[in-house]
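Biologist: I'm new to this one, so could you pick a single part and walk me through it slowly? I'd like to see how its surroundings fit together.

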Amino acid sequence: MCWATSQRLSAASPDFYALAIARGCSMKLVTAIIKPFKLEEVRSALTDLGLQGMTVTEVKGYGRQKGHTEIYRGAEYAVSFLPKIKIEVVVAAGQVDKAIEAISKAAKTGQIGDGKIFVSTIEHTVRIRTGETDETAL
Ligand SMILES: Nc1ncnc2c1ncn2[C@@H]1O[C@H](COP(=O)(O)OP(=O)(O)OP(=O)(O)O)[C@@H](O)[C@H]1O
Ligand SMILES: [Mg+2]
C-alpha cells in the first residue's frame, strides 16, 4: 500500500516530504544481533507474535569490549571477533515495537554481549510465488 502511495504521490506531486512520509509508513526491517544460544528463544518469541518469516545468518562481531570480557584502562587490545547470530525480520511498521520487545526479552541475559537491534525502512516487498506485494507479501 505504501509503495503504491509513494508512486502515486510522486506522479501527482514532486513534494519530497510527502513522499518520504508515505514511504516511511509501510514496513520495517528489524535486524537483531544476538548470542547464538538465544536463537531458539528469540525465534519462538517472534513466532508467538504471528510473524511468519525470518532470515538467520551466522556472523562475527564485537561491541564496546572489542570481543573481550574485561577491559583495562589504558591497555591496548587486539580485537576479537565473537560468533553471533543475525536475525532479520521484516514486519509491518505497526508491529515494530512488539517485535523489539519480544527480541529484547528473549535475548537478554543481563551480561555484556547480549546484542543490539537495528531498525530500518523497507520500501517494497514482493512475494515471488504469488506476486503479492508489500505488507500482504510478508
Ligand atoms: N555499532 C554497531 N554496529 C554494528 N554491529 C554492532 C554494533 N555494536 C554491536 N554490534 C554487533 O552486536 C554484537 C553484540 O554487541 P554487544 O552487545 O557486545 O554491544 P555493546 O555495545 O558492547 O554492549 P554490552 O556492553 O552490553 O556488551 C557485536 O558482536 C556486533 O556483532
Ligand atoms: Mg559488548
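Modeller: Let's start with V89. Leaving aside residues up to four places away in sequence, V89 touches V30, L46, L51, M54 and A99. Keep in mind that this is a predicted model.

V89 belongs to a bigger group, too. The largest nonpolar core has 17 residues, and V89 is one of those with the most contacts inside it, along with A32, V42, L46, V91, A99 and I103. Two or more residues of this core come from each of β1, α3 (39-48), β3 and α4 (96-107). The biggest giver is β3, with five residues.

So what does β3 pair with? On one hand there's strand β1 (residues 27-34), which runs antiparallel to β3 and is joined to it by eight bridges. To find a spot in that pairing, look for K28, whose bridge partner in β3 is V91. On the other hand there's strand β2 (residues 55-61), also antiparallel to β3, with seven bridges. Here you can look for V56, which stands opposite I87 in β3. As a rule, side chains in a regular strand alternate between the two faces of the sheet.

Now follow β3 (82-92) to the ligand. Both β3 and β4 (115-122) supply at least two residues each to the shell around ligand 1. There are 13 residues around ligand 1, and those that come nearest are I33, G61, G63, R64 and I112. Sorted by class, that shell has four nonpolar, five polar and four charged residues. That brings β3 into both stories: five residues for the core, and at least two for the shell around ligand 1.

Terms used:
Residues numbered from 1 in each chain as written. Chains lettered and ligands numbered in written order. Predicted model: local features only at pLDDT ≥ 70, side-chain atom pairs only at ≥ 80, totals over all residues. Near = placed C-beta within 6 Å. Helix = DSSP H or I, 4+ residues; strand = E, 2+ residues; numbered from the N terminus. Nonpolar A, V, L, I, M, F, W, Y, C, P; charged D, E, K, R; others polar. Pairing = 2+ DSSP bridges. Core = buried A, V, L, I, M, F, W, Y, C linked by C-beta atoms within 7 Å. Buried ≥ 20, exposed ≤ 12 C-beta atoms within 10 Å, placed from the backbone. Contact = placed C-beta atoms within 7 Å.
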